[in-house]
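This report describes the nonpolar cores, a domain contact and a set of paired strands. The sequence and structure come next.

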Amino acid sequence: MAQRRNGVTALRIMKFKKINKMKIIFFAAITIMVSQTIAGSDTLYYSVLKKSIDLAHQEYKLDNYRQLANCSERICLVYKDDWIPYYYQAYAYINMGFIETDESLMEMYCDKARELLDEAFKINPDESEIYVLQSMLYFARMAISPMINGPLYLQKASGALDDAGKLDPGNPRIYYLRGKSVMYTPKFFGGGKEAAIPLFEKTLNIFRNFKPRSIVHPAWGEEDASKLYDECKAASTEQDSDKQPEKQE
Amino acid sequence: MTKAIIPIILLFVQTGSLFCQTTIKGSIQTGKNQPVIGANIYLRGTIEGTNSDEQGNFSLLTDLTGDMTVVVSCIGYKTHEEPVGLQNDTIELNIILAENDIELKEIVVYASTFEAGDKKKSVVLNKLDMATNPVGFGDALSVMRTLPGTSNAGDEGGLFVRGGEQNETKTIIDGLMVGSPYTAKMPGVPVRGRFSPMLFRGTVFSTGGYSAEYGQALSSVLIMNSIDTPEKDEAGVSLFLSGANFIGTKKWEKSSLSGSTQYINMYPSYNIFNTNIKWDREPESFNQTIACRQKAGKRGLIKILANYSLDNSSMYYYDLDTRMDDLISLNNNDLFIVTSYKGTIGKDWIVSSGASYSFDIEKVNMDEDNIETTKQSYELKLTLTKIVSKNLNIKFGGDLLNKDYLRDYVPLSGNSYEWKYNSPVISAFFESEIRIMKRISTRIGGRAESVTMSDELYVSPRISLAYKTSGNSQISLGYGNFSEQPFSEYLSYNNKLKTEKSEHFIINYQLIKESRIFRIEAYYKNYDRLIKYDSLYAIAPEAYNNNGSGYAKGIDFFYRDSKTIKNGDFWISYSVIDSRRNYRDYSFTHAPFFLATHNVSLIYKHYIERPESYISAGYEFSSGRPYIDPNISPSEIQRTKSYNNLSLSIFHFTRIFGKFTMIYAQVSNITGNRNVFGYRYASHPDESGVYESVPVLPVSRRSYLIGLFVSFTGKPEM
């Protein structure tokens with residue numbers, strides 16, 4: 001980690017020196033080669049992507065995710081062997097699918113996300129986070145017409161989370177999505193707010209000690225998990241006192 | 001590594017040198033002068049780029065110089081590339097993006113097919129629809145009767161498709177034909193499907209023009225595919241007024257085992273509620289299904305499915321000629337085993353093969369006369385599919401179906417009779433799906449069948465064509481020749497009877513958006529070489545011939561909508577049909593007795609959050625069914641009054657001792673309509689010259705079902 005940071009710092013310092021362009025290229029090439037041997041090739045786009053991710057997470061709206069989709073698309077085209085930009089592009093489209101209300105657009109975003117996930121799986125088939133995202137994609141598909149697709153995609157979503165859990169049981173997003181799915185699942189299928197509480201507790205416990213592998217490795221979910229946890233808690237206490245529960249969302 | 005270095009260098013250069021900059025700005029619009037919002041505008045090979053704003057405008061600042069390419073991409077549009085020379089100035093770009101072509105995802109010819117339960121987008125009904133189906137008590141297949149093209153023949157049961165009889169629809173499990181898909185028939189009691197679609201991954205119901213892979217069906221096929229890999233371990237019990245059902249699934253690394261055991265006894269139900277039948281012994285049935293799957297190799301899967309069922313009942317049946325109650329008893333044992341293998345050879349060959357064995361023995365005792373019918377059959381099948389390209393696949397295969405039939409008639413006194421036959425049918429088929437043009441795909445194939453017993457060899461062509469009118473809609477055309485050996489009882493009297501034929505012409509339009517489906521379909525069906533017989537000499541071989549014929553034509557509508565009403569979901573089917581036949585012992589050409597001209601079914605389901613429940617209501621309407629009243633005229637058709645049935649089901653979800661529980665209650669015919677399916681007449685007039693008659697009534701005027709389902713393993717798989 002420390003070594004990687006040094007590589008980036010070296011580059012940054014050089015950026016501010018207005019010297020001959022050829023020299024820059026020459027030095028950059030050397031520095032990059034050095035930093036690559038030390039830390040791998042990924043680090044350079046990290047700050048660009050990080051900025052875009054942060055912007056997306058500022059407010060849950062279409063534009064924010066659209067710029068993330070575009071930014072990660074540009075990175076994808078350059079860093080073809082890295083799963084992370086594919087991951088974020090898919091992540092952005094899935095979220096756009098959730099935000100969008102036009103059915104055909106929702107479908108289009110989901111189809112696009114599926115293609116991107118396929119690419120990401122090709123690069124790193126053993127990445128737990130990609131399975132988490134696949135599960136999220138099924139939830140997005142389900143949202144298109146829950147009455148018809150609900151039961152089918154719920155099952156698939158749950159299967160993807162199982163796979164994610166096999167690869168990395170310490171991935172907090174697994175339990176966050178599981179909790180969210182249980183929360184909005186009819187009791188008929190074993191769901192409900194009360195049933196979701198232990199899952200949110202688990203995810204929040206993991207988040208407490210969670211350190212992302214880098215500044216751009218997936219780290220989302222904690223804030224929402226804690227919000228939903230509070231909502232479930234509130235509902236379960238209300239239910240105990242036999243009051244009408246507040247409306248979901 | 002070098003691949004990565006160059007762009008990084010470029011990135012570095014553009015952010016590094018601030019003294020020379022180029023601005024690229026402009027707007028992105030559609031062909032219709034609408035702004036494209038959120039398009040991605042970037043310089044190829046760099047990660048430097050920007051997005052277009054609400055007005056489609058953008059501005060991109062770069063330090064690079066030289067010849068580069070500006071790329072504009074946006075989901076839903078074709079990517080645009082524009083070469084630019086960067087020279088420290090401002091470049092104005094106004095780009096028009098072309099919309100993507102309509103995407104044709106796969107070649108699917110939809111005409112006349114309904115998919116249910118499969119985890120695909122084209123499904124019309126899902127498993128929850130089957131589980132919460134309000135109409136058709138105790139018959140899991142009855143949900144198919146809520147689809148258009150089917151007739152409501154409440155006294156018969158089974159599927160009557162587009163003017164076709166029940167036996168013109170064949171049930172296929174894992175690619176192989178089921179010998180006796182329905183329970184044995186008692187007069188006035190509708191038959192039920194032996195297999196619950198709930199046990200299957202998906203069901204495809206084709207009401208005509210189906211694939212050359214399937215033969216020996218004049219009207220329709222119901223294709224059921226058993227579950228490949230269950231999602232998880234499961235155990236549950238269902239207890240209801242007249243029986244109990246246990247289900248369980250155990251999953252291992254590479255294999256799994258599922259079982260379902262069911263016992264039903266209608267005694268309590270018919271004693272508490274009404275019944276129109278005078279039972280001596282209320283129907284009792286036992287059903288055991290076992291399914292196991294084993295992964296073989298990397299992509300291969302072997303499946304075995306076995307089903308055993310036992311049915312007993314006896315009733316008093318009023319004989320209009322002797323004017324006495326006959327005691328009829330039924331005992332039926334049925335076994336069906338199917339094994340199938342599906343796997344790949346090399347990269348793009350798919351092989352599927354299967355073998356099945358079916359054994360059915362039906363003992364009917366009528367006033368101490370015994371009729372014992374034994375049906376045995378086996379089938380072997382091999383299918384190879386080659387995916388040549390995205391636009392072409394070919395499929396071919398062969399099939400051997402051997403049927404043994406034995407019918408023993410032992411009267412109380414006098415000679416006993418025996419009829420039997422053995423009939424092997426060897427078939428080969430070929431079929432190819434081709435995408436001819438971007439929007440047009442076709443399925444062309446044919447099936448050759450050789451029937452040894454009647455010394456026949458024939459070829460049935462099958463063609464369908466689909467034209468995508470938009471991303472969500474298409475028009476399909478279908479044509480095919482279909483053939484089927486005559487009903488086994490007739491064939492046992494006369495082994496030389498030829499194969500019956502039909503011909504289908506179909507035109508279909510459908511529009512699918514995920515939560516709304518609309519279909520309209522018109523068809524014409526021609527029947528030829530149907531069996532005719534003279535009822536006076538019903539067991540003499542020469543009384544039977546192939547001189548019957550008929551036709552059916554009609555229009556089917558289907559609309560499903562789960563969007564318009566919040567938490568609500570409904571579908572409506574309407575079929576109008578005109579059909580005439582002269583077959584069996586008909587004395588003139590008329591509409592078949594089982595067929596109503598208009599059939600409507602409307603299903604509405606509503607989800608209630610608190611208390612958590614599903615309410616589903618179903619309304620079925622059929623116009624009057626034809627019958628002949630010899631008191632009026634032996635050559636004139638009368639119509640019964642129309643059939644109306646409003647059913648209601650409530651499913652409530654809760655937990656009992658922490659276990660997921662569903663409590664359900666169903667009532668049929670809430671309004672208490674006196675539905676009549678037709679009339680039976682005495683074969684001779686009585687002393688006053690009148691043919692005595694009795695109406696054919698439903699088993700019960702109104703039925704009730706209450707029960708509960710408890711899952712020991714959490715939510716059930718749907």
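The largest nonpolar core has 67 residues, and A:Tyr87, A:Ala90 and A:Leu133 touch the most other members. Domain 2 (45–149) and domain 3 (170–249) of chain A each give at least three residues to this core. Leaving aside residues up to four places away in sequence, A:Tyr87 touches A:Ala120, A:Glu129, A:Ile130 and A:Leu133. Another core, of 47 residues, lies apart from it and includes B:Val178, B:Val338, B:Val425 and B:Trp571. The model is a predicted one.

**Domains of chain A**

The assignment for chain A lists domain 1 (1–40), domain 2 (45–149) and domain 3 (170–249). Where domains 2 and 3 of chain A meet, twelve residues come from domain 2 and ten residues from domain 3. On the domain 2 side, α3 (43–58) and α7 (128–144) of chain A are the elements that give two or more residues. The largest share of that side, six residues, belongs to α7(A). By type, the domain 2 side consists of seven nonpolar, three polar and two charged residues.

Helix α9 of chain A covers residues 172–184. From first C-alpha to last, its 13 residues reach 19 Å, close to the 18 Å expected at 1.5 Å a residue. α9(A) is mostly covered, with 13 of its 13 residues buried.

**Chain B and its strand β38**

Chain B holds four helices and 41 strands. Along the principal axes, its C-alpha atoms fill a box of roughly 115 × 60 × 55 Å. Of the 718 residues in chain B, 39% are buried. Among chain B contacts with a separation of 6 or more, 61% are between residues 24 or more positions apart.

Strand β38 (residues 659–667) of chain B pairs with two strands, as tabulated here.

| Partner of β38(B) | Bridges | Direction | Facing residues |
|---|---|---|---|
| β37(B), residues 643–656 | nine bridges | antiparallel | B:Ile650 opposite B:Ala665 |
| β41(B), residues 704–711 | eight bridges | antiparallel | B:Gly707 opposite B:Tyr664 |

β37(B) and β38(B) form a hairpin with two residues between them. In the turn, B:Phe657 has a positive phi of about 50°.

In a regular strand, side chains alternate between the two faces of the sheet. The covered face of β38(B) carries B:Phe660, B:Met662, B:Tyr664 and B:Gln666. B:Lys659, B:Thr661, B:Ile663, B:Ala665 and B:Val667 make up the uncovered face. Thus B:Tyr664, opposite B:Gly707 in β41(B), belongs to the covered face, while B:Ala665, opposite B:Ile650, belongs to the uncovered one.

Technical notes. Residues numbered from 1 in each chain as written. Chains lettered and ligands numbered in written order. Predicted model: local features only at pLDDT ≥ 70, side-chain atom pairs only at ≥ 80, totals over all residues. Buried ≥ 20, exposed ≤ 12 C-beta atoms within 10 Å, placed from the backbone. Contact = placed C-beta atoms within 7 Å. Domains from an automatic or database assignment. Nonpolar A, V, L, I, M, F, W, Y, C, P; charged D, E, K, R; others polar. Expected span 1.5 Å × (residues − 1). Core = buried A, V, L, I, M, F, W, Y, C linked by C-beta atoms within 7 Å. Pairing = 2+ DSSP bridges.
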